[in-house]
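Work through the exercises below with the sequence and the structure side by side. Each one sets a task and then follows it with a solution in steps.

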Amino acid sequence: MNPYYQIVKEGLWKNNPALVQLLGLCPLLAVTNTVINGLGLGLATILTLVASNGFISLLRNQIPDEARLPVFVMIIASIVTIIELSMNAWFHDLYLILGIFIPLIVTNCSIIGRAEAFAARNSVGPALLDGLMMGIGFTAVLVVLGGMRELIGQGTLFSQADLMFGDIAKNFTITVIDNYRGFLLALLPPGAFIGLGLIVALKNVIDARVTKRQTAKVEASAEVATSS
Amino acid sequence: MAIFRMSPPFLAGTNRVTIQMLQVIFAMIPAIAAMVYFFGPAVLINISLALTVALLAEAILLKLRKRPVKPFITDGSAAVTAILLAVAIPPLSPWWLTVTGVLFAIVFAKHLYGGLGYNPFNPAMVGYVLLLVSFPLEMTTWLPVESLADKPLDLHSAFQLIFYGQTNAGWVADTVSGATPLDTMKTQIGQSIAPAYIVNQNLFGSLGGLGWEWINIWFAAGGIYLLYRRVISWHVPIAMIATMFVLSGVTYLFAPEITGSPLFHLMSGGTMIGAFFIATDPVSGSTTVKGRLVFGAGVGALTYIIRVWGGYPDGIAFAVLLMNMLAPLIDYYTQPKVYGATK
């Protein structure tokens, strides 16, 4: 199989940082109460992942093996600081909402995990792609979970989109259920845990179905082979 | 054909789940009758609704989990969960409140953890806390007892309130609702009114809250019946009641301005149903003898602490769930010594 295709598949589905590795749960659970919050944090994480994977892959032959973890952390911290300052400058309102979770991206285990597991052992091209795909996989879960919680919690989607896309996005908000009473639990931390649990369960169900179908196909072809 | 000859005595097993659960339901009947007497027929509508939803959800979940439906649906555990939840929420709750709570209790708290016997938390209380956290307004809209209500409700208007939100006469739940005694106690202590004065209002009876004292007495009577039939053991309820009594007694002695009397706390809110019917859940509670004493004491202490210093007027549900979390730890440290074994 094409190695690049393999990287894409690992990041988006098979080894998804949020659903399979269960890494970075702290931001994942804390800020996903709306789609926009999830998307904002997801984009910041993608940027961090791509940049850190790129730099670490470039420097992998210079970094002494014994001191690699502190070096990784310093590189990641510098990148996150740059992103934090930029968000503070250009998306100030969103920055205020995401608050502490932007600097906390430094401690998101999936970033140092990818640095150690992938970037430090591969050349720049695959490392960048891996960062991008892992980031997109993570962001997808953030957005889906954010959407679930926003829909159940307050009956809307894309509320406060203007924080991210400027004034034109003021009317992006879709009110799915009119006069909704609100379901506070979905917006509170327990809602995040329950929601993530349901998404992980859904992924496992889909995987089980796919495996079952594949084994059935293999058996069928084996039968054809023996009978012919 | 082989014929198996069985020898007497032929005794019916008394420790089957179905029999135990039916005993629990039977023991709740007098208290439920008292609730109907004090709060009107809305209680019965809630219970029927909760029962229907619970049994349907149970059947669907069993089917989805590929478990035999009939033996599990007739074991009565879902019915007990439904009844406990239905009597815990306010009688005039809108129908979706009951449905949400029951569904969450059966689907999430029970079956996602593996069904009866595997749930780490008491399903009814999980449903209750979900509702309390998500819909604080509806969950604190209780009815005053019937003799205090200026607009007593008949079955028809109760039905309309629950399912349509208002009656023909245009009443909404707010028109007929009022604060519970525990609620009043908490708010007025917050306004620094002495508890000794507070209990002189017509909302309070001679023991606890007016009406509530009878409901608590009947729940206690049902509990004693369960003790007599050995469905539950005495450890949890006695430990819980004694702890609440001692804690509130000491506090009442030294700081009477912040707490109702011990008797008031035992005879108000959900104390007795909590002690005899909720904290005694054999699945989610402690299983060792010493552990049950610790478990009950913990529930009693936490309930009292939440009532007096917490943000909610009653704390049974939170106390039970918190102690459920500790139950495995308590069991671990209270393993009885095996006879003949040395450490």
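A residue counts as exposed if 12 or fewer other C-beta atoms lie within 10 Å of its own, as buried if there are 20 or more, and as partly exposed in between. Please keep in mind throughout that this is a predicted model.

**Exercise 1.** Decide whether B:Arg230 is buried or exposed, and describe its place in the chain and its backbone angle phi.

*Solution.* Begin with the place: B:Arg230 is found in the loop between α12 (212–228) and α13 (235–254) of chain B. Next, count the surroundings: B:Arg230 has 12 other C-beta atoms within 10 Å, and is therefore exposed. Finally, turn to the backbone, where B:Arg230 has a positive phi of about 60 degrees although it is not a glycine. Most residues other than glycine have a negative phi.

**Exercise 2.** Carry out the steps of the previous exercise for A:Leu22, asking in which loop it is found.

*Solution.* A:Leu22 belongs to the loop between α1 (3–14) and α2 (25–30) of chain A. Because A:Leu22 has 14 C-beta neighbours inside 10 Å, it counts as partly exposed. Its phi is near 50 degrees, a positive value in a residue other than glycine.

**Exercise 3.** Describe how α4 and α5 of chain B pack, and say which kinds of residue make up their contact.

*Solution.* First take the geometry: helix α4 (residues 77–88) and helix α5 (residues 95–111) of chain B pack at an angle of about 140 degrees, and their axes are 10 Å apart. The angle is why α4(B) is oblique to α5(B). As for handedness, the crossing of α4(B) and α5(B) is right-handed. Then list the partners: α4(B) contributes B:Ala78, B:Thr81, B:Ala82, B:Leu85 and B:Ala86, which meet B:Thr98, B:Gly101, B:Val102, B:Ala105 and B:Ile106 of α5(B). Sorted by kind, the residues of this contact are seven nonpolar, three polar and no charged. An α-helix has 3.6 residues a turn, so residues three or four places apart point the same way.

**Exercise 4.** Establish how far helix α15 of chain B is covered, and examine the surroundings of B:Ile278.

*Solution.* Looking at the helix as a whole, α15 (residues 271–278) of chain B is mostly covered, with eight of its eight residues buried. Among them are B:Thr271, B:Gly274 and B:Phe277. B:Ile278, whose place is in α15 of chain B, counts as buried because it has 25 C-beta neighbours inside 10 Å. If neighbours within four places in sequence are left aside, the contacts of B:Ile278 include B:Leu84, B:Asn122, B:Met125 and B:Val320. B:Ile316, another contact of B:Ile278, is 38 residues away in sequence, with 8.7 Å between the two C-alpha atoms.

**Exercise 5.** Sketch chain A as a whole, and then inspect two of the spans that its UniProt entry names.

*Solution.* Chain A has ten helices and two strands, and its C-alpha atoms fill a box of roughly 65 × 55 × 30 Å along the principal axes. Of its 228 residues, 35% count as buried. The unreviewed UniProt entry places the feature "transmembrane region" at several spans of chain A, including residues 71–90 and 182–202. Residues 71–90 are 100% helix and 0% strand, and their end C-alpha atoms lie 29 Å apart. Residues 182–202 are 86% helix and 0% strand, with the end C-alpha atoms 25 Å apart.

Conventions:
Residues numbered from 1 in each chain as written. Chains lettered and ligands numbered in written order. Predicted model: local features only at pLDDT ≥ 70, side-chain atom pairs only at ≥ 80, totals over all residues. Helix = DSSP H or I, 4+ residues; strand = E, 2+ residues; numbered from the N terminus. UniProt positions renumbered as here; feature names shortened; annotations may be inferred. Axes fitted to C-alpha atoms, helices over the stretch in contact; angles between N-to-C directions. Parallel < 35°, antiparallel > 145°, perpendicular 65-115°, else oblique. Left-handed = near helix turned anticlockwise from the far one by under 90°. Contact = placed C-beta atoms within 7 Å. Nonpolar A, V, L, I, M, F, W, Y, C, P; charged D, E, K, R; others polar.
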